[in-house]
Amino acid sequence: MPTFLSSWSTVELVAVPTGAQLVLVAVITALASYFLGCFNGAVIVSKYILRDDVRNHGSGNAGLTNFYRTFGGPLTAVVILTDVLKAVLAVLLGQWLFGGWYVLGKYWAGLFCLLGHMFPCMFHFKGGKGILSGGTIAIMIDWRIALVVWGGFLILTILTRYVSLGSLWAGASFPFITWYCYPDPVIVVLGFACGGLVVWQHRANIKRLLSGTENKFSLHRKS
């Protein structure tokens, strides 16, 4: 029995998909989570409500930070709600479909939700960097993981005013706290995949941080 299942005595009587059923569940979860992830709040609000694609401004990123810096205003809340809600729905779906292997289901759904957010097929595969959705996924998986990911993110962002630095902590720490909480090879691989995607999406930010040209966050958006 996998480590992530055997360590949870409360799920011993819950049905566990096996064989062809497990493959079907994995495919359905992956597809549904990916398409949920494709509903990028920043792109939807800017392109279809404001009629001004956020990807044509600032860093060109379809994420919350670039949206706020570019447009600001109450519609920022809509972006937040969209990116949080899709992550919640994806993880809940994975948890439900995977039954007794619900931890695996959470990670599996989370990974494909991030892929949809970062590479949305309906928006020419140009999406966001996955911090808000990824942070929501961390909360949905385990409070201990959320504490490490969000705690480091907030501390670094507040102290340095570099959102990207806090984001890099979130992506880099996610697989290691996963390893601590769920020391199962499959779960750890999925944790490294999720965290690795976040770090990879911030490669341009890493270059700017090293060169000293990265923009600091301000509550006052640019005019």
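Start by selecting Arg-55 and Asp-53 in this predicted model: their side chains meet in a salt bridge, with N to O at 2.7 Å. Colour by accessibility and you'll find Arg-55 buried, and Asp-53 buried too. This pair is one of 4 salt bridges in the count.

Next, jump to Arg-144 and Asp-142. Here's another salt bridge, and the closest N and O atoms sit 2.8 Å apart. Show the surface on this one: Arg-144 counts as partly exposed because its relative accessibility is 28%. Asp-142, at a relative accessible area of 6%, is buried.

Now pick Arg-208 and Glu-214. They form a salt bridge as well, their closest N and O atoms being 2.7 Å apart. Arg-208 comes out partly exposed, with 27% relative accessible area, while Glu-214 is buried at 10%.

Done with charges; on to empty space. The structure holds 1 cavity of 30 Å³ or more, and its volume is about 170 Å³. To centre your view there, select Gly-134, Gly-135, Val-149, Ala-170 and Val-198, which are the closest to the cavity's centre among the 16 residues that line it.

Then switch to cartoon and highlight helices H7 (131–141), H8 (143–160), H9 (163–181) and H10 (185–201): each gives two or more residues to the lining. H7 supplies the largest share, with 5 residues.

Last stop: what kind of wall is it? Colour the lining by residue type and you get 11 nonpolar residues, 5 polar ones and no charged ones.

Note on methods:
Residues are numbered from 1 along each chain as its sequence is written. This is a predicted model: local features need pLDDT of at least 70, side-chain atom pairs count only at pLDDT 80 or more; totals for chains, interfaces and linings use all residues. Side-chain values use heavy atoms; hydrogens and water are left out. On a 1 Å grid over the protein atoms alone, a cavity is a set of points where a 1.4 Å probe fits but cannot get out, and a pocket is an open set with protein on both sides within 12 Å along at least five of seven lines; lining residues have an atom within 4 Å of a point. Grid points are joined across faces, edges and corners, and a volume is the space filled by probe spheres set on the points. Helices (H or I, at least four residues) and strands (E, at least two) are DSSP runs, numbered from the N terminus. Ala, Val, Leu, Ile, Met, Phe, Trp, Tyr, Cys and Pro count as nonpolar, Asp, Glu, Lys and Arg as charged, and the others, Gly among them, as polar. Buried means under 20% relative accessible area, exposed over 50%, partly exposed in between (1.4 Å probe, protein chains only).
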